[in-house]
Amino acid sequence: METLEIEFIDAGDGFLKAKMPVNSRVHQPMGLLHGGASAVLAESVGSAASMMYVDPEKEEIRGIELAANHIRAKKDGYVFGTARIVHKGRTLHLWEIKITDEEDKLISVCKLTNIVLERKS
């Protein structure tokens with residue numbers, strides 16, 4: 001999170017939003033936002049969002065599947081990842097994460113499945 005300067009900026013019922021700067025830290029060789037960096041943003045915000053629904057003293061979250069579709073390129077500025085809950089079960093959480101730019105243009109759409117595990121003592 002620190003390396004990519006991901007910062008949580010908003011939260012509410014069923015969603016969590018974070019922002020990430022697009023700069024040389026997250027560029028692929030052509031100078032565009034790397035799809036892997038978008039995936040990091042998606043998994044970071046989706047996993048943190050799942051933490052809003054568990055007791056961190058007793059449970060922990062693990063991402064078990066991440067799928068990403070990259071729609072538009074981005075060279076600089078910021079991207080915003082907003083995770084919205086699709087399914088909240090006792091053991092599985094499914095999130096849709098939309099990554100947009102400053103003008104709310106869609107950059108990527110991601111799906112994250114998290115498993116809720118009992119914390120071992």
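W95 is buried, with a relative accessible area of 0%, in a model that is predicted. The aromatic contact made by this residue is a convenient point of entry. The structure holds 1 aromatic pair, formed by Y53 and W95, whose ring centres lie 6.1 Å apart and whose planes stand at 40° to each other, an arrangement classed as tilted. Such a pair of aromatic rings is described by the distance of the centres and the angle of the planes. Because Y53 belongs to the loop between helix 1 (35–51) and strand 3 (59–70), whereas W95 belongs to strand 5 (residues 92–100), the pair ties together parts that are 42 residues apart in sequence. In contrast to the buried W95, Y53 counts as partly exposed, at 29% relative accessibility.

The overall architecture comprises 1 helix and 6 strands, which follow the order β-β-α-β-β-β-β from the N terminus on. The radius of gyration of the protein is 14 Å, close to the 14 Å that the globule rule gives for 121 residues, and the protein is therefore as compact as a globular protein of that length. Taken along the principal axes, the C-alpha atoms fill a box of roughly 45 × 25 × 25 Å. Of the contacts between residues at least 6 apart in sequence, 59% join residues at least 24 apart. Buried residues account for 36% of the 121 residues, while the protein exposes about 7200 Å², of which carbon and sulfur atoms supply 48%.

In soluble globular proteins, nonpolar side chains tend to be buried together. In the present model, the largest nonpolar core contains 21 residues, and the members that touch the most other members are M20, V26, L33, L41, V79, I97 and I99. Two or more residues are given to this core by each of strand 2 (15–22), helix 1, strand 4 (77–88), strand 5 and strand 6, with helix 1 giving the most, namely 5 residues. The surroundings of L41 illustrate how this core is assembled: when residues up to four places away in sequence are not counted, L41 touches I6, A18, M20, V79, F80, G81 and I99. Among these partners, M20, V79 and I99 are themselves listed with L41 as residues that touch the most other core members.

Two threonines in strands were also examined. T82 is placed in strand 4 and counts as buried, at 14% relative accessibility, a value under the 20% limit for that class. Leaving aside neighbours within four places in sequence, T82 is in contact with F15, L16 and K17 as well as with E96, I97 and K98. T113 is found in strand 6 (residues 106–118) and is likewise buried, with a relative accessible area of 13%. With residues up to four places away in sequence not counted, the contacts of T113 comprise R62, G63, I64 and E65, together with L92, H93 and L94.

Charged side chains are also placed over aromatic rings. The charged end of R84 sits over the ring of F15, 5.1 Å from its centre, and F15 is also one of the residues in contact with T82. K19 lies over the face of Y78, at 4.7 Å from the ring centre.

Definitions and conventions: Residues are numbered from 1 along each chain as its sequence is written. This is a predicted model: local features need pLDDT of at least 70, side-chain atom pairs count only at pLDDT 80 or more; totals for chains, interfaces and linings use all residues. Side-chain values use heavy atoms; hydrogens and water are left out. Helices (H or I, at least four residues) and strands (E, at least two) are DSSP runs, numbered from the N terminus. Buried means under 20% relative accessible area, exposed over 50%, partly exposed in between (1.4 Å probe, protein chains only). Contact means heavy atoms within 4.5 Å. Rings of Phe, Tyr and Trp (its six-membered ring) pair if their centres lie within 6.5 Å; planes under 30 degrees apart count as stacked, over 60 as edge-to-face and the rest as tilted. A charge sits over a ring if NZ of Lys or CZ of Arg is within 6 Å of the ring centre and within 35 degrees of the ring normal. A nonpolar core is a set of buried Ala, Val, Leu, Ile, Met, Phe, Trp, Tyr and Cys residues joined through side-chain atoms within 4.5 Å. The radius of gyration is taken over C-alpha atoms; the globule rule is 2.2 Å times the number of residues to the power 0.38. Accessible areas come from the Shrake-Rupley method with a 1.4 Å probe; for residues, only the protein chains shown count as cover.
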